[in-house]
Amino acid sequence: VVAGQCTGGLVAALKSIPSLYRMTKKPVPTRYSFFVPTLLSPVQSFVAAAAASRAGGGSSLLPPAELSECVQAILSSVADTYYEEARAMLLGARKAEKAISSLRKQPKRKDKDSKEEMGDTDKIYVQVHLDVVELGNQITANFALSPASLPAFQRLSSLGRRAQWLLGQTSEEPPLEDDEDAQGAPVSPLGALPAHQQPALPT
């Protein structure tokens, strides 16, 4: 139930990302999307309610160890849903790009060393990467967990490999999502960007 509360609006939020960059000439994103800081709010409320019940001497309490396991299960479920929906969105964005390119009959320019040369779909990849990095920050800050300890989050972070290549942080171009199952080596959720590009936690 709590995981569903987190992901209830996720599809619509993810679908809004392509419209921000498709043929809008927006610059390469440098900050996470508006919905990320509140995505895990239901989990925070769940943990806070459990803590308040424990402090008040409630009878039906989850022991701390079981509560931790429950939180990890919820976060893993959220990450699984996020991965599936974000991957579907990225595939859809690439299909749209191919359709537009075929209509224009012009090859897309690619220059991974220049942000200004990034295509619209490249910018969408970068935005997803920034969002996943910030989600990892939220997990660490609010639940004292390492995102790397959650296999589901590792799989979600793998969607950022192309963005890292586009930003010049890795030298080898990763395969695209329809070329493999996109479950390779995960991107580190923290430190995945240079210090001057690291999204700041909201205060």
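**Exercise 1. The overall fold**

Among contacts in the chain between residues at least 6 apart in sequence, what percentage join residues at least 24 apart? While you're at it, work out which helices and strands the chain has.

*Solution.* Start with the ground rules. This is a predicted model, where local features need pLDDT of at least 70, side-chain atom pairs count only at pLDDT 80 or more, and totals for chains, interfaces and linings use all residues. Residues are numbered from 1 along each chain as its sequence is written, and side-chain values use heavy atoms, with hydrogens and water left out.

Step 1: count a contact when heavy atoms are within 4.5 Å. Of the contacts between residues at least 6 apart in sequence, 79% join residues at least 24 apart.

Step 2: list the helices (DSSP runs of H or I, at least four residues) and strands (E, at least two), numbering them from the N terminus. You get seven helices and zero strands, in the order α-α-α-α-α-α-α.

Step 3: check burial. Buried means under 20% relative accessible area, exposed over 50%, and partly exposed in between, using a 1.4 Å probe and protein chains only. Of the 203 residues in the chain, 45% are buried.

**Exercise 2. How α2 packs on α5**

Describe the packing of helix α2 with helix α5.

*Solution.* Two packed helices are described by the angle between their axes and the distance between the axes.

Step 1: fit the axes to C-alpha atoms over the stretch in contact, taking angles from 0 to 180 degrees between N-to-C directions. Helix α2 (residues 10-21) and helix α5 (residues 120-143) sit at about 140°, with axes 9 Å apart.

Step 2: name the angle. Under 35 degrees is roughly parallel, over 145 roughly antiparallel, 65 to 115 roughly perpendicular, and the rest oblique. So α2 is oblique to α5.

Step 3: pick out the residues that touch. From α2 come Ile-17, Pro-18 and Tyr-21, and they meet Asp-120, Lys-123, Ile-124, Gln-127 and Asp-131 of α5. Sorted by class, that contact holds four nonpolar, one polar and three charged residues. Here Ala, Val, Leu, Ile, Met, Phe, Trp, Tyr, Cys and Pro count as nonpolar, Asp, Glu, Lys and Arg as charged, and the others, Gly among them, as polar.

**Exercise 3. Cysteines**

How many disulfides does the chain have?

*Solution.* Step 1: recall that a disulfide is a covalent bond between the sulfur atoms of two cysteines.

Step 2: apply the cut-off, a pair of cysteine sulfur atoms within 2.5 Å. The count comes to zero.

Step 3: look at where the cysteines sit. Cys-6 is buried at 6% relative accessible area, while Cys-70 is partly exposed at 26%.

**Exercise 4. Loops and sequence-distant pairs**

Find where Lys-25 and Ala-144 sit, then locate Met-23 and Leu-91 relative to Thr-121.

*Solution.* Step 1: Lys-25 belongs to the loop between α2 and α3 (41-55). Its phi is near 60°, a positive value in a residue other than glycine, and Lys-25 is exposed at 78% relative accessibility.

Step 2: Ala-144 is in the loop between α5 and α6 (151-157). Ala-144 isn't a glycine either, yet its phi is positive, about 55°. With 70% relative accessibility, Ala-144 counts as exposed.

Step 3: Met-23 is in the loop between α2 and α3 and is exposed at 53%. Met-23 and Thr-121 are 98 residues apart in sequence, with 9.9 Å between their C-alpha atoms.

Step 4: Leu-91, in helix α4 (residues 64-104), is buried at 19%. Leu-91 and Thr-121 are 30 residues apart along the chain, and their C-alpha atoms are separated by 9.7 Å.
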